[in-house]
Amino acid sequence: MEIRNLRYFLSAARNLNFTKAAEECHIVQSAMTQQIAALESELGVKLFTRRHKDMGLTREGEVFFWEAQRLLEGMDRAVENVKSVSEGYSQLLRLGYHGNLLRSDLPELLIRLRSQYPRLKVTLRQSKLYQGIEALKKETLDALFSIYWPALAEEEELDYCILAPSPVKLLVSVNHPLAGAGRVRMEQLRQEQFLFLDGSEVKGGLQDLAEEGFLPRIYDRVDGPESMMILVESGCAVALCVEAGCQNRGPGLVLLDIEDRREERKLCLSWKKNSPRMRPEYISLIRENYGPEGLKPQL
């Protein structure tokens, strides 16, 4: 069984279409069909169901999908490790960060890590929160910077530490009438249209605002901070923004303090429990860099 056949199978399983899978793998459709047939023959089972134009995975195919994915991820990790060693590094640390979180602070952290651990190779990956969490569980990522969310305490595979809190401020265009005010009150924002990040704690945030007697007019829910910043800068709406997530804003954007709403969001660092890569000394250095509040209570 060849590694490339596993990649062909995974592509076909994701797309449930041999033509699309062949395009993704840069081979012709007939070759994709032949490779899958050969794989089924080697395994002695059917991996796909085919009815007219519909295609799906058999139960054996579903099991093989997860096993093949796990195997290839392990292969990719092995390749990463070997390349790092060949480049003169003794350790590899893969850090992820959610959205633009800590964008401006990360260079300083990397400088400290490289200074104290010169044979440590650090890679960075920006991702959405749920993607980062899945990457930690699959061990394709070693640690993730994100906003702390309560459900993290229920993730049995993960551990985390709380870092410094970051205030929630109002993000507006530099051309907004309130841009030069420095600070605002929520009463001044009742006619404004707001942007919210999709996938964040939107419902909880809206509920908190409602309990405070403020019902925001929602312009849209966006999939990432870049989209949010573009829409705000264009004057379409304003946004409540965690300061640590807006550090790389351009000159067309302004952050304002909210006088009557002192809200903060805790930053956190999470990693897979018993991870051999995420050493205690790395965690200590990161906590020092971001003003630690202490480890979570042990359950």
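# Exercises on a predicted model

In α1, Arg 4, Asn 5, Tyr 8, Phe 9 and Ala 12 meet Met 32, Gln 35, Ile 36 and Leu 39 of α3. The model is predicted. The exercises start from this helix contact and then move to strands and loops.

## Exercise 1. Helix α1 against helix α3

Task: Find how the axes of α1 and α3 cross, and name the class of that angle.

Solution.
- Step 1. Locate α1 at residues 3-15.
- Step 2. Take the axes: those of α1 and α3 come within 10 Å.
- Step 3. Read the crossing angle, roughly 110 degrees.
- Step 4. Angles of 65 to 115 degrees count as roughly perpendicular. Therefore α1 and α3 are roughly perpendicular to each other.

## Exercise 2. Helix α2 against helix α3

Task: Do the same for α2, and list the residues that meet α3.

Solution.
- Step 1. Helix α2 covers residues 18-25.
- Step 2. The axes of α2 and α3 come within 8 Å and cross at roughly 105 degrees.
- Step 3. So α2 and α3 are also roughly perpendicular to each other.
- Step 4. On the α2 side, the residues are Phe 18, Thr 19, Ala 21, Ala 22 and Cys 25. On the α3 side, they are Gln 29, Met 32, Thr 33 and Ile 36.
- Step 5. Compare the lists. Met 32 and Ile 36 of α3 meet α2, and Met 32 and Ile 36 also meet α1.

## Exercise 3. The two sides of α3

Task: Work out where the buried residues of α3 sit around its axis.

Solution.
- Step 1. Helix α3 runs over residues 29-43, which is 15 residues. From first C-alpha to last, α3 reaches 21 Å, close to the 21 Å expected at 1.5 Å a residue.
- Step 2. Pick out the buried residues of α3: Met 32, Ile 36, Leu 39 and Glu 40.
- Step 3. Look down the axis of α3. The buried residues fall within an arc of 100 degrees, so they line one face of the helix.
- Step 4. Recall the general pattern. An α-helix has 3.6 residues a turn, so residues three or four places apart point the same way.
- Step 5. Turn to the other side of α3. Gln 34 and Ser 41 are exposed there.
- Step 6. Look past the end. Gly 44 follows α3 and has a positive phi, near 80 degrees.

## Exercise 4. Strand β3 and its partners

Task: Which strands pair with β3, and in what sense do they run?

Solution.
- Step 1. Strand β3 spans residues 91-98. Six of its eight residues are buried, so β3 is largely enclosed by the rest of the structure.
- Step 2. Strand β4, residues 120-127, runs parallel to β3 and is joined to it by eight bridges. Leu 93 has Val 122 in β4 as its bridge partner.
- Step 3. Strand β5, residues 143-147, also runs parallel to β3, with three bridges. Gly 96 stands opposite Leu 144 in β5.

## Exercise 5. Strand β8 and its partners

Task: Find the strands that pair with β8, and give a bridge partner in each.

Solution.
- Step 1. Strand β8 (193-197) pairs with β9 (217-222) in the parallel sense over five bridges.
- Step 2. Gln 193 faces Arg 217 in β9.
- Step 3. Strand β8 also pairs with β10 (238-242), in the parallel sense over two bridges.
- Step 4. Leu 195 has Ala 239 in β10 as its bridge partner.

## Exercise 6. Three loop residues

Task: Are His 176, Leu 16 and Asn 274 buried, partly exposed or exposed?

Solution.
- Step 1. His 176 lies in the loop between β6 and β7. Its relative accessibility is 16%, so His 176 counts as buried. Beyond neighbours within four places in sequence, His 176 is in contact with Glu 192 and Val 238.
- Step 2. Leu 16 sits in the loop between α1 and α2. At 35% relative accessibility, Leu 16 counts as partly exposed. Its phi is positive, near 50 degrees, though Leu 16 is not a glycine.
- Step 3. Asn 274 is in the loop between β12 and α9. With a relative accessible area of 76%, Asn 274 is exposed. Asn 274 has a positive phi too, about 60 degrees.

Key:
Residues are numbered from 1 along each chain as its sequence is written. This is a predicted model: local features need pLDDT of at least 70, side-chain atom pairs count only at pLDDT 80 or more; totals for chains, interfaces and linings use all residues. Side-chain values use heavy atoms; hydrogens and water are left out. Helices (H or I, at least four residues) and strands (E, at least two) are DSSP runs, numbered from the N terminus. The expected span of a helix is 1.5 Å times one less than its number of residues. Buried means under 20% relative accessible area, exposed over 50%, partly exposed in between (1.4 Å probe, protein chains only). The arc is that of the directions from the helix axis to the C-beta atoms. Two strands pair if DSSP finds at least two bridges between them. Axes are lines fitted to C-alpha atoms, for helices over the stretch in contact, and angles run from 0 to 180 degrees between N-to-C directions. Angles under 35 degrees count as roughly parallel, over 145 as roughly antiparallel, 65 to 115 as roughly perpendicular and the rest as oblique. Contact means heavy atoms within 4.5 Å.
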